[in-house]
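User: I have a structure on my screen and would like to talk it through, one question at a time. Please keep the reasoning short and finish each reply on the value or name I ask for.

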Amino acid sequence: MIPIFDERNNLHGQPGLHALIVGVSTYPHLSGGTGTPAPDSFGMTQLPSSVSSAYKMYRWLVEREQQKYLPVPLATCRLLLSPSLIEVESSTTSVDQIASCTLDHFLIATKQWRDDASTHQDNVTFFYFAGYDLQKSEHEQVLLLENFGDGVGGTLRNTVSIYNLFNGMARSPSRLSMARTQIYFIDACHILPVHTKQQFEQMNATDVFDPEFIELDDRAASIFYAELPGDQADPLKGDLTLFSKPLFDFLNGAAGERMDEDGQGQVKWRVSVNSLNKALEGYFKELNRKLDIHVEYKLKRGAEDTTISFLDTPPPVKTLVFNKQNELQGQPGLHALIVGVSAYPHLLGGTGKLARDHFGMPQLSCAALTAYKIYCWLLERQKDLAVPLATCRLLLSPSATELEVEPKLHGLVDRCTLANFLTAATEWRAEASLHKDSIAFFYFAGHGLQRESGDQVLLLENFGDGIGGTLRNTVEISNISNGLAPLSIQRDIARTQLYFVDACRTYSKVFQKYEWMNTSTVYDIEPNVFDDRRAPTFYAAVPGSQAYGIQGDQTIFSKALLQCLDGGAGYLDEQDDQWYISVNSLNNALDYQIRELNQEIGAEQSYKTIGLGTDVIIRRLNQPPLVNFVLEVEPLEALEVIRVEITYLDGNLKNTTGNSFELPVPVKPHSYRYQLPGGHYTITVKIIPPDQDIIYYKPFTLTPTNPKRTVKITAPFLNGDTL
Amino acid sequence: MTLVFDRRSELQGQPGLHALIVGVSAYPHLRGGTGTPASDSFGLQQLSSSAMTAYKMYQWILERQNHLPVPLATCRLLLSPSQEEKLTEPNLHNLADPCTLENFLAAAYQWRDDASSQQDNTTFFYFVGHGVQSSKADAIVLLENFGDGIGGLLRNAVSINNLFGGMANSKARPHMAQTQLYFVDTSQFPFSELRKLELIEISPVFDIKLGEYDERRAPIFYAAIPGSTAYTLRESQTIFSKALLQCLNGEAGELREHDGQEQWCVSIHSLIRALEIEIDEWNKMLGADQNFIVSGLVGDTIIHYLDGPPLVDFILEVVPIDALPFTQIEIRDSQGDRLFGLPVPLNPYPYRSQLPAGFYEISAKINPPDQRFRDLKPRMRPIMPPRFQLKVRVDAS
């Protein structure tokens, strides 16, 4: 059988990549096929897109070869296709002219493929199968070839065992130069024939290779295994298999990872076994959750990471999780950049090599979840903001715990490496520069450091990766905020900008070891700029202190912030009778809410703001915020002899017949607590008996940050005197 | 003489407020000055009311010394008045030492020593004079002998960041005042010439220790945003100081309840809120475009107690305007007792008057009745500082 691609002669014995690609859509003996029906078809029917995916995989390899992106040159490619009629008709290529995937063809092709693979240990093998597979036993799956169920021989005669195929490709005494790097993709529609399980275990698939003694299997061999339950048609109804769709996206760059700089200082990007696995894992977790299906994806073996393909550019950064710019047609909007980093591979407890200067910092438990909650809040409140939400960029590096708590974090967005952050920050600024009346919103949750008084260094995921200076994978908040000033290149940049830095500001003696440690520059800063922005920075920690989090939940700062944004920072504009949240009201309320939270959970979270000035509205509240009203009476003896009435001056109250209600006599419990809408009230206190003499009357404004009133009754009234 | 007020002995170690107030109008080496012209004056000239402004701040703090959260303990004053200011206010003669670098450094050190005697102390810093922006994150203030030709260009200048950083807690000063108020009443112009220098050396006021835990409530109020001007009323005082004093005297008043006692006071938060409105009023009046910004470490605390409810400007308009000749507005106190009726039609219009802060019942009657309009039922409203503006809506729809 002649390979469809053959460059062996031109390689002159140099190592190369040998591919075997198989796609079976047509099974003549299964339901809907053209042949004699199989004695037992296990409910299987024809497949819609296995050949399309297999053929695309072949094209992908050839293109990568042309671009010289494969780790070794493509030497041979063997292709076996059993297309459906639709695939034949819709294909621009003569897929029906390619050898079909019968058992004989498969056996010939695999033999030749193995022979080629075993010519040089630096060869790479590449195997892709799209079609049906059957669960023969607990540990063995078999691949169904085109003539499965032809009635000749045993039921599994036209199937091959993956185990047998894989083991046959190992180095053996007769094949000492077998390719050490082997990559397998099993893109299968999976059948589990429960009712004949025991029978099945005794049935035999056809051996592809004779078993040989394997002394030491030191291959870097990885099997990417995806099984779509056979009783579910492709839920996405596409022209490619459910597995191959994301696979091509990821191979084309979406699973790209940065490599070390080469001798010329050039940075290379690649897709590796590990980066592809990480991407596929996240994708299928999210897909299963979203579509309520169960695609089983796993990487078998894969202990050693190897390059599958190089990339010419960094992978496209998937950070833009919300984009309504077209709809807004140039109108001002809010542009958000939200970042949450919990997983730091190079800090204590991380999965990577420990950073030389790790500052004693461990993994974080809730930074990514916090960022996600901030993002969700923006989405929920997008229409109540001072300007509508236009774009939102999100970068998350979640911890394993966070992924368990919130499965939506799987593969939602890209991780917060320096490269991704720089890309997102550049795009974010460009969009914020389109309209002066827009709002730029920045939130960072993660580790922070302070080099000198007043600065704040933000640590990104790949902090401490050992490449470049210690602070290479960090950025400085003032560089970010100064970079969004009305510079000459961005005269129309948003004049309202909100920065939230939910990170520690601890100083380390490590800084004393060096003359100076530079962070990475996000933006170049122009001097001498007239800066008329309203751009406060809300810091979750004061210099030299820590920011605290609630494990698996969110940070204290973000909890207080969201409480404030949900109404806790509400203030009533008397002129238009409307409740708003503004920068100044948020600042006032954060002070209050953080104090309250500290008391509630025994934390010591501090908080400070810089850059306040002219106030600006952040959002409008649709109704007055609910306030936990607290009333106390002094002295306590008065409780027995008074009747207290609360009257709401701005409308009617729920659960009452009008706009007022009386507290129980005596006031109980004391302190008396009741949830009321913010606004204007009066407290009227009458003495009992005779129950009509007012001894205390006070109008007041109830706001979330001023929820408590104390009624002081003076001594004469306690002796029975009246007003 | 710099220490113009000293009550430390009387306070016997109790916490107090320590003020350092600086006003520089006369710059001998700038244009119009009496000394050798500076080699590079950057187009700066004499100022007309900085020393007077500083003097007014000093007077205010003296007057209100017993209404501060902690009593006034010390006040240091450095003044470099212009001739005109001395003529206008003879007290400026010899009241305080001129604000040269040496005097400033000495005063700042003594001020810091006093401030660091108690965590419950409060510090108050006010600088009015020339200022420039060295970088986005810092402001430099120019002292009297700026441009004297000795040493580097900015030898007679100090950095606000350096001053601020040096006032933080440190191992050497563990009891530093945790409430600190800074007011920098200067323009914030960048000197493009500074960009030509390899390194800008400014005289350090303090050495700053790295990595100290800093939980100060220490806002820095800058009278101007980067790249902009702080305006002044000639031979009177700066707009910023005028607005600030108005706010401190009541326009930033808020009612706080503490242990069942209500008290009118000015806090950092209420000051920020009210300053915006006051400065905006001055901008409108003078056609200026001054804009302040608050940096440093902004946390809330009470900074001044008022004697009682402050007077509040209230402004009323009638909507629709056609109803103006028929609308009789009545104001009652919170008990419902009639206080007064307003003229019909409102005159002046919009109607502007003052009332002590508090709750009032406002109603409007259409007289004679007109189908197009309706009465406004009595409704209790809080008339609170800094302004109360109400559109009295009487349209029948």
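User: Is A:Asn479 buried or exposed?
Analyst: In this predicted model, A:Asn479 belongs to helix H13 (residues 477–483) of chain A; helices are DSSP runs of H or I with at least four residues, strands are runs of E with at least two, and both are numbered from the N terminus. Buried means under 20% relative accessible area, exposed over 50% and partly exposed in between, with a 1.4 Å probe and protein chains only. The relative accessible area of A:Asn479 is 13%, so the residue is buried.

User: What pLDDT do local features need here?
Analyst: Residues count from 1 along each chain as its sequence is written, chains are lettered from A and ligands numbered from 1 in the order in which they are written, and side-chain values use heavy atoms, leaving out hydrogens and water. As this is a predicted model, totals for chains, interfaces and linings use all residues, side-chain atom pairs count only at pLDDT 80 or more, and local features need a pLDDT of at least 70.

User: How far apart in space are A:Asn479 and A:Thr351?
Analyst: Along the sequence, 128 residues separate A:Asn479 from A:Thr351. In space, C-alpha to C-alpha, the distance is 30 Å.

User: Let's move to cavities. What is the volume of the largest cavity?
Analyst: A cavity is a set of points on a 1 Å grid over the protein atoms alone where a 1.4 Å probe fits but cannot get out. Points are joined across faces, edges and corners, and the volume is the space filled by probe spheres set on them. The structure has four cavities of 30 Å³ or more. The largest of them holds about 70 Å³.

User: Which elements give two or more residues to the lining of the largest cavity?
Analyst: Lining residues have an atom within 4 Å of a point, and here they include B:Trp60, B:Thr122, B:Phe124, B:Leu181 and B:Phe183. By type, the lining has nine nonpolar residues, one polar and no charged; Ala, Val, Leu, Ile, Met, Phe, Trp, Tyr, Cys and Pro count as nonpolar, Asp, Glu, Lys and Arg as charged, and the others, Gly among them, as polar. In the largest cavity of chain B lining residues, the elements that give two or more are strand E4 (122–128) and strand E8 (179–185) of chain B.

User: How many charged residues line the second largest cavity?
Analyst: The second largest cavity has a volume of about 50 Å³. Its lining includes A:Arg114, A:Arg175, A:Asp210 and A:Glu212. The lining divides into two nonpolar residues, three polar and, for the charged group, four.

User: On to the rings. How many residues apart in sequence are the parts that the pair of A:Phe441 and A:Phe500 ties together?
Analyst: There are 45 aromatic pairs over all chains; Phe, Tyr and Trp rings (the six-membered one for Trp) pair if their centres lie within 6.5 Å, and planes under 30 degrees apart are stacked, over 60 edge-to-face and the rest tilted. A:Phe441 and A:Phe500 form a tilted pair, at 5.3 Å centre to centre and 45° between the planes. A:Phe441 is in strand E16 (residues 439–445) of chain A and A:Phe500 in strand E20 (residues 496–502) of chain A, so the parts tied together lie apart in sequence by 59 residues. Both A:Phe441 and A:Phe500 are buried, and the separation asked for is 59 residues.

User: Which residue lies over the face of A:Phe166?
Analyst: A charge sits over a ring if NZ of Lys or CZ of Arg is within 6 Å of the ring centre and within 35 degrees of the ring normal. In chain B, the charged end of B:Arg216 sits over the ring of B:Phe164, 4.1 Å from its centre. Over A:Phe166, at 4.0 Å from the ring centre, lies A:Arg219.

User: Which strands stand at the edges of the open sheet E7-E6-E5-E9 in chain B?
Analyst: The four strands run in the order E7-E6-E5-E9 with mixed pairing; two strands pair if DSSP finds at least two bridges between them. Strand E5 (residues 131–135) of chain B pairs with E9(B) in the parallel sense over two bridges, and B:Val132 stands opposite B:Phe189 in E9(B). Each edge strand has a single partner, so one side is left without a neighbour in the sheet; these are strand E7 (157–159) and strand E9 (189–190) of chain B.

User: Which residue does a cis peptide bond join to B:Asn347?
Analyst: Most residues other than glycine have a negative phi, and most peptide bonds are trans. The residue in question lies in the loop between strand E19 (338–341) and strand E20 (351–356) of chain B. With omega about 0°, the bond joins B:Asn347 to B:Pro348.

User: What is the phi of A:Gln329?
Analyst: A:Gln329 is in the loop between helix H9 (325–328) and strand E14 (334–341) of chain A. At 68% relative accessibility, A:Gln329 is exposed. Although not a glycine, A:Gln329 has a positive phi of about 50°.

Note on methods: 1 Å grid on protein atoms, 1.4 Å probe; cavity = no way out; pocket = protein on both sides within 12 Å on 5 of 7 lines; lining within 4 Å.
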